[in-house]
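Let's walk through this protein together, starting with a pair of charged side chains and working outward from there. Keep the structure open beside you as you read.

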Amino acid sequence: MSSKDGTFLHGGNMAEYKTKQREMILDYMIKNKDIHVTAEMIINYFRLHGTPIGKSTVYRNLDRLVEENAVRKFTIEDGVSACYQYAPDGSRCMEHYHFKCSECGRLFHVQCDFMNEICEHVYKEHKFVIDSSKTVFYGICEECRKNLEG
C-alpha cells in the first residue's frame, strides 16, 4: 500500500514512523546544539537508549534537515565524516569564527575583531581569502581547562 506521495506504507504506519524518527533526530540536534555531532554519534545515542535508528535513515533525515535549513552540515576535509549542528531559523555561520573544545566537543561561535585583522593581513600579505564560515580553531575551553587543572 502506498500514499499519494509514493511513500510505501506497512499497515499504514510507515510514514508516521518516519516522522517520529525525524522528530527524534531533530530533538537530539536541539539538545546538542552547542556541539558538532556526526551521524555515528546519533546512531550510537539511539542504540544505547533502546530506540535504534538505521544509518541510512539518519543520513536521509539529516540531509532533509539541511535542505530545510534546520541543521548545518560541516565537511572539514574530504574522506572525513561530516558534522552537523542545529541551526535555528536557518542561521548561518558566515561572519564569525568557531572554537571547538577538544575535550567536551562544544562549539563556540566567536566574533572577534582581532581575527578579522588577521584575515585582512593574510589577504594583503599573502593574497589568500580565509572563509570564516569554515574556520575552526581547536583547543580546550575554560570549563574543561578548570576540570583538568582541578
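A good place to begin is the pair Glu142 and Lys146, whose side chains meet in a salt bridge with an N to O distance of 3.6 Å. Please bear in mind that this is a predicted model. Both residues belong to helix 5, which covers residues 142-149, and they sit four residues apart, about one turn of the helix. How open to the surroundings are the two partners, Glu142 and Lys146? Glu142 is partly exposed, at a relative accessible area of 48%, while Lys146 is exposed, at 52%. The labels differ because the cut-off for exposed is over 50%.

Helix 5 has another pair to show you. Arg145 and Glu149 also join their side chains in a salt bridge, this time at 3.9 Å from N to O. Here too the partners are four residues apart, so about one helical turn separates Arg145 from Glu149. Arg145 is partly exposed, with a relative accessible area of 39%, and Glu149 counts as exposed at 63%. Elsewhere, Arg22, Glu23 and Glu68 are joined into one network by salt bridges that share partners.

How many salt bridges are there by this rule? The count comes to six. One of them brings together the side chains of Lys55 and Glu40, 4.0 Å apart from N to O. This pair links distant parts of the chain: Lys55 belongs to helix 3 (residues 55-67) and Glu40 to helix 2 (residues 39-48), with their positions 15 residues apart in the count along the chain. Glu40 itself is partly exposed, at a relative accessible area of 38%.

Now stay with helix 2 and look at its other residues. Which residues of helix 2 are buried? They are Ala39, Ile42, Ile43 and Phe46. Looking down the axis of helix 2, you will find that these buried residues fall within an arc of 100°, so they line one face of the helix. Just after helix 2 comes Gly50, which takes a positive phi of about 80°.

From here, turn to a strand. Tyr86 has its place in strand 2, which runs over residues 83-86. Which residues does Tyr86 contact, leaving aside its neighbours within four places in sequence? The partners are Leu26, Met29, Ile30, Lys33, Ala70, Val71 and Arg72. Take Leu26 as an example: Tyr86 and Leu26 are 60 residues apart in sequence, yet their C-alpha atoms are 8.0 Å apart in space.

Finally, step back to the whole protein. There are five helices and five strands, and along the sequence they follow the pattern α-α-α-β-β-β-β-α-β-α. Among contacts with a separation of 6 or more, 48% are between residues 24 or more positions apart. Of the 150 residues, 34% count as buried. As for the surface, the protein exposes about 10100 Å², and carbon and sulfur atoms supply 52% of that area.

How values were computed: Residues numbered from 1 in each chain as written. Predicted model: local features only at pLDDT ≥ 70, side-chain atom pairs only at ≥ 80, totals over all residues. Heavy atoms only, no water. Helix = DSSP H or I, 4+ residues; strand = E, 2+ residues; numbered from the N terminus. Buried < 20%, exposed > 50% of the residue type's maximum accessible area, 1.4 Å probe, protein only. Contact = heavy atoms within 4.5 Å. Areas by Shrake-Rupley, 256 points an atom, 1.4 Å probe, with all protein chains shown as cover. Arc of directions from axis to C-beta.
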